[in-house]
Amino acid sequence: MKIISVVGARPNFMKIAPFISALRDYVENSEVEIQHILVHTGQHYDVRMSETFFSDLAIPEPDINLEIGSGSHGEQLGQTMMAFEKVLLEQKPDWVVVVGDVNATLACTVIAKRLQIKVAHIEAGLRSFDMGMPEEINRLVTDRLSDLLFTPDSISSEHLRKEGTPEKKIHLVGNIMIDTLEKNKKQASEIELDKIITDNLVNSNLQIKESLKDFDYALMTLHRPSNVDNRVIFSDLVDFITNDVVKSVYLIWPLHPRAKKQLIKMGLWDSVATNPRLLLLHPLRYHEMLRLNMTAKMMLTDSGGLQEECCVLGTPCLTIRSTTERPITLREHSGAAVLVGNQVETIRKEFYQTLSLDQRPSRPPLWDGHTAERIVEVLMKST
Ligand code: UD1
């Protein structure tokens, strides 16, 4: 049996790591011969966006790197399909395993199905119902085409049923990213706060680290085109953090390359870089981000995965988006997050309310660190 699994961008790496490890364990304890090939499409290529995750999470070196890199959606999708088609024709796998909702996920699913190869999708059934998000289109197409759909929660399974997905394809297995969190949280908790700052600081506020303490800071990440590509929205958000947030707490902001590029392009760089209570950091390694999240007073983010990690860690989270494909993370479902959109008046109000909130960790069923084992078990029975 031959399995090709695919990664392309940063949020894929923490999802594939437990799958590969569970597959390896399965092979060691069974008679089945399995050949596993890891393909990296190369959508993310900076050392800090890609390579460090392979070493930190003990993911084997990709067997094949398609080196697609950046480009328009059309370029990324088209080039990935062309390059991955060649791999599939040569390798003839029985299964292609894709994770998440990035462009690599969509492109590799479409071309695998074109060649009649079975596809398993890990993290299936998420829906934001916002067709303006590239990821929503990626999710819809990937799920429609996949043969096995591994969902993280019952809401996601229900979305698939409503869309007419045959019951036998849907498997509620839990959240694979939490496998990675569980495996790495002890190591993360041992990292000193000031070491993370010293190793990653972009602006020159090094003196802050002397006074920085656990729970004295908010942590922010922004990278969605809907927030950082729109000049009015992004400058309003920057006003809000430099005028409101930093008056109550320090702000630590690890910068996604897309956000950094836009801050410079829109002339906003100086106002954030020179703010004395704001720490701009490079993109962080997995354990560094987990460590900061563990003792953050609050998370402000438009990321998908961080909403989920906040639930499990109990970090109150303002989700700076108007929709979420992960409603299980919201306070109405006992999660840690509240959707605040990108209008500053709403965000400000929720920010001050959330500062006084005593959040408790909440763990949806099956977010227990054993999702990958369940996936491998189903996959083996399905061949
Ligand atoms: C992609 C995913 C998004 C995911 C995010 C996490 C899609 C449609 N989007 O968005 O779902 O949440 O990854 O990061 O797949 N760049 C670098 N170095 C890199 C990679 C990118 O500098 O290693 C810069 C380039 O200027 C590039 C820009 O970031 O044009 C955006 O990268 P891209 O992969 O197109 O999308 P993301 O915004 O990262």
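**Exercise 1. Find which residues lie nearest the centre of the second largest pocket, and work out what lines it.**

Step 1. Start with the centre: Pro18, Ser21, Ala22, Asp25 and Lys183 lie nearest to it, out of 23 lining residues. A quick word on the model: it's predicted, so local features need pLDDT of at least 70 and side-chain atom pairs count only at pLDDT 80 or more, while totals for chains, interfaces and linings use all residues. Residues are numbered from 1 along each chain as its sequence is written, and side-chain values use heavy atoms, with hydrogens and water left out.

Step 2. Pin down the terms. On a 1 Å grid over the protein atoms alone, a pocket is an open set of points with protein on both sides within 12 Å along at least five of seven lines; a cavity is a set where a 1.4 Å probe fits but cannot get out; lining residues have an atom within 4 Å of a point.

Step 3. Get the volume, meaning the space filled by probe spheres set on the points, which are joined across faces, edges and corners. For this pocket that's about 450 Å³.

Step 4. Look at the elements (DSSP runs numbered from the N terminus: helices are H or I with at least four residues, strands E with at least two). α1, α7 (176-189) and α17 each supply at least two lining residues, and α1 gives the most, with eight.

Step 5. Sort by class. Ala, Val, Leu, Ile, Met, Phe, Trp, Tyr, Cys and Pro count as nonpolar, Asp, Glu, Lys and Arg as charged, and the others, Gly among them, as polar. The lining splits into eleven nonpolar, five polar and seven charged residues.

**Exercise 2. Place the ligand in its pocket and describe its surroundings.**

Step 1. The ligand sits in the largest pocket, where "sits" asks that more than half of its atoms lie within 2 Å of the grid points.

Step 2. That pocket holds about 1300 Å³ of space. Its lining has 49 residues, with Pro11, His44, Met49, His223 and His256 nearest the centre. By class, you get 19 nonpolar, 16 polar and 14 charged.

Step 3. Now the shell. Counting residues with a heavy atom within 4 Å of the ligand, 18 surround it, and the closest are His44, Asn103, Glu135, His223 and Arg258. They divide into five nonpolar, eight polar and five charged. α12 gives the most to this shell, with three residues.

Step 4. Check polar contacts, here pairs of N or O atoms within 3.5 Å. Side-chain polar atoms reach ligand oxygens at 3.3 Å from Gln76 and 2.8 Å from His223. For Arg258, a side-chain N or O atom is 2.7 Å from a ligand oxygen.

Step 5. Finish with burial: using Shrake-Rupley accessible areas with a 1.4 Å probe, the protein covers 88% of the 740 Å² that the ligand has on its own.

**Exercise 3. Count the cavities of 30 Å³ or more and describe the lining of the largest.**

Step 1. The count comes to one. The largest cavity has about 50 Å³ of space.

Step 2. Its lining includes Ile122, Glu123, Phe150, Val173 and Ile375. β6 (148-151) and α17 (371-381) are the elements that give two or more residues.

Step 3. By class, that lining has six nonpolar, four polar and one charged.

Technical notes: A polar contact is a pair of N or O atoms within 3.5 Å; within protein, one must be able to donate a hydrogen and the other to accept it, and residues adjacent in sequence count only if both atoms are side-chain atoms.
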